[in-house]
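Thank you for joining; I would like to walk you through one model this morning, beginning with burial and moving on to rings and strands.

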Amino acid sequence: MIEKNHTLFGTKIKNLKTNEVGLVIYTWVNTFADGDVDFATCVDKNGKRYNIALDEIQPVEE
């Protein structure tokens with residue numbers, strides 16, 4: 001079972017893959033055969049939810 005961390009809930013981020021702004025819903029650890037990768041579940045400006053590695057997002061300061 002995935003343990004969700006809601007500490008960053010509502011943090012405005014920039015998706016470094018698409019250069020779009022979004023919001024973090026929660027973070028979690030994705031376990032692969034060769035290691036663990038930190039992921040975030042985010043929503044884009046259209047409300048579509050997506051998962052992305054934490055290395056591929058950056059917080060946005062207003």
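**Two aromatic residues and their strands**

Trp 28 is buried, and Phe 39 is buried as well, where buried means under 20% relative accessible area, exposed over 50% and partly exposed in between, with a 1.4 Å probe and protein chains only. Before going further, I should say that this is a predicted model, in which local features need pLDDT of at least 70 and side-chain atom pairs count only at pLDDT 80 or more, while totals for chains, interfaces and linings use all residues. Residues are numbered from 1 along each chain as its sequence is written, and side-chain values use heavy atoms, with hydrogens and water left out.

The structure holds 1 aromatic pair. The ring centres of Trp 28 and Phe 39 lie 5.2 Å apart with their planes at 25°, so this pair is stacked; by definition, rings of Phe, Tyr and Trp (its six-membered ring) pair if their centres lie within 6.5 Å, and planes under 30 degrees apart count as stacked, over 60 as edge-to-face and the rest as tilted. The pair links distant parts of the chain, with Trp 28 in strand β2 (residues 21–32) and Phe 39 in strand β3 (residues 35–43), 11 residues apart; strands are DSSP runs (E, at least two residues), numbered from the N terminus.

How are β2 and β3 joined? They run antiparallel and are joined by 9 bridges, where two strands pair if DSSP finds at least two bridges between them. Val 24 has Cys 42 in β3 as its bridge partner, and a hairpin joins β2 to β3 through 2 residues.

Turning to strand β1 (residues 12–15), 3 bridges join it to β2, again antiparallel, and Ile 13 stands opposite Gly 22 in β2.

Terms used. Helices (H or I, at least four residues) and strands (E, at least two) are DSSP runs, numbered from the N terminus.
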